[in-house]
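Reader: I have a new model open and would enjoy talking it through with you. Could we start with the surface and then turn to the charged pairs?

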Amino acid sequence: MIPALGLLGGLLLGLFLHPDVPLWLQPYLPVAVIAALDAVFGAVRAMLDGIFSDKVFVVSFLSNVVVAGLIVFMGDQLGVGSQLSTAVVVVLGLRIFSNVAAIRRHLFHA
C-alpha cells in the first residue's frame with residue numbers, strides 16, 4: 001500500500017506544483033519514470049504475494065532509476081542515446097505489463 005500511496009502523492013505533487021525539469025535532465029526523465037514505475041508495480045505484486053520488503057523496494061527503486069539513467073547516459077556518449085532509451089523503455093515496459101498481469105490475476109483470479 002505504501003508504494004501506491006507514494007505514487008499517488010508524487011503524481012498529485014507533480015500536477016499541482018508543475019516542476020521545471022532542467023534541459024540537460026530531460027532525456028533521462030522518461031526512462032527514470034518508467035524505471036520507478038517498474039519498481040512500484042513490482043512492489044505491489046510482492047505485497048500481494050506476501051513477500052514485500054521495504055528494504056528491497058527502496059534498493060530496487062533507486063537501482064532501477066540509476067541503472068536506467070546510466071544506460072541512457074552511455075548511449076548519449078556513444079551517439080545512440082535514443083536507441084538505448086527505447087531499449088530500456090521496452091524492457092521495463094515488458095516488466096511492468098508482466099507485473100500488472102500478475103496483480104490482475106491475484107485480484108480478480110483471472
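**Surface patch and salt bridges**

Author: Happy to, and please keep in mind that this is a predicted model. On its surface, Leu-8, Leu-12, Leu-13, Leu-15, Phe-16 and Leu-17 form a nonpolar patch, and their accessible area together is about 680 Å².

Reader: Which helix holds Leu-13, and is Leu-13 buried or exposed?

Author: Leu-13 sits in helix H1, which covers residues 2-17. Its relative accessibility is 53%, and since exposed means over 50%, Leu-13 counts as exposed.

Reader: Thanks! How many salt bridges does the structure hold?

Author: Side chains of opposite charge can pair when their charged atoms come close. One such pair is Asp-38 with Arg-95, at 2.7 Å from N to O. Another is Asp-49 with Arg-45, at 3.9 Å from N to O. For the structure, the number of salt bridges is 2.

Reader: How many residues apart in sequence are the parts that Asp-38 and Arg-95 tie together?

Author: The side chains of these two residues, Asp-38 and Arg-95, meet in a salt bridge. Asp-38 belongs to helix H2 (residues 29-49) and Arg-95 to helix H4 (residues 81-108), so the pair links parts whose separation in sequence is 57 residues.

Reader: Is Asp-38 buried or exposed?

Author: Its partner Arg-95 is partly exposed, at 42% relative accessibility. Asp-38 has a relative accessible area of 1%, and because buried means under 20%, Asp-38 is buried.

Reader: And where do Asp-49 and Arg-45 lie?

Author: Asp-49 is partly exposed at 44% relative accessible area, and Arg-45 is partly exposed at 30%. They are 4 residues apart, about one turn of the helix, and both lie in helix H2.

How values were computed:
Residues are numbered from 1 along each chain as its sequence is written. This is a predicted model: local features need pLDDT of at least 70, side-chain atom pairs count only at pLDDT 80 or more; totals for chains, interfaces and linings use all residues. Side-chain values use heavy atoms; hydrogens and water are left out. Patches are made of residues with over 30% relative accessible area and no salt bridge: like charges are joined within 9 Å, nonpolar side chains (Val, Leu, Ile, Met, Phe, Trp, Tyr) within 5 Å. Accessible areas come from the Shrake-Rupley method with a 1.4 Å probe; for residues, only the protein chains shown count as cover. A salt bridge is a side-chain nitrogen of Lys or Arg within 4 Å of a carboxyl oxygen of Asp or Glu. Helices (H or I, at least four residues) and strands (E, at least two) are DSSP runs, numbered from the N terminus. Buried means under 20% relative accessible area, exposed over 50%, partly exposed in between (1.4 Å probe, protein chains only).
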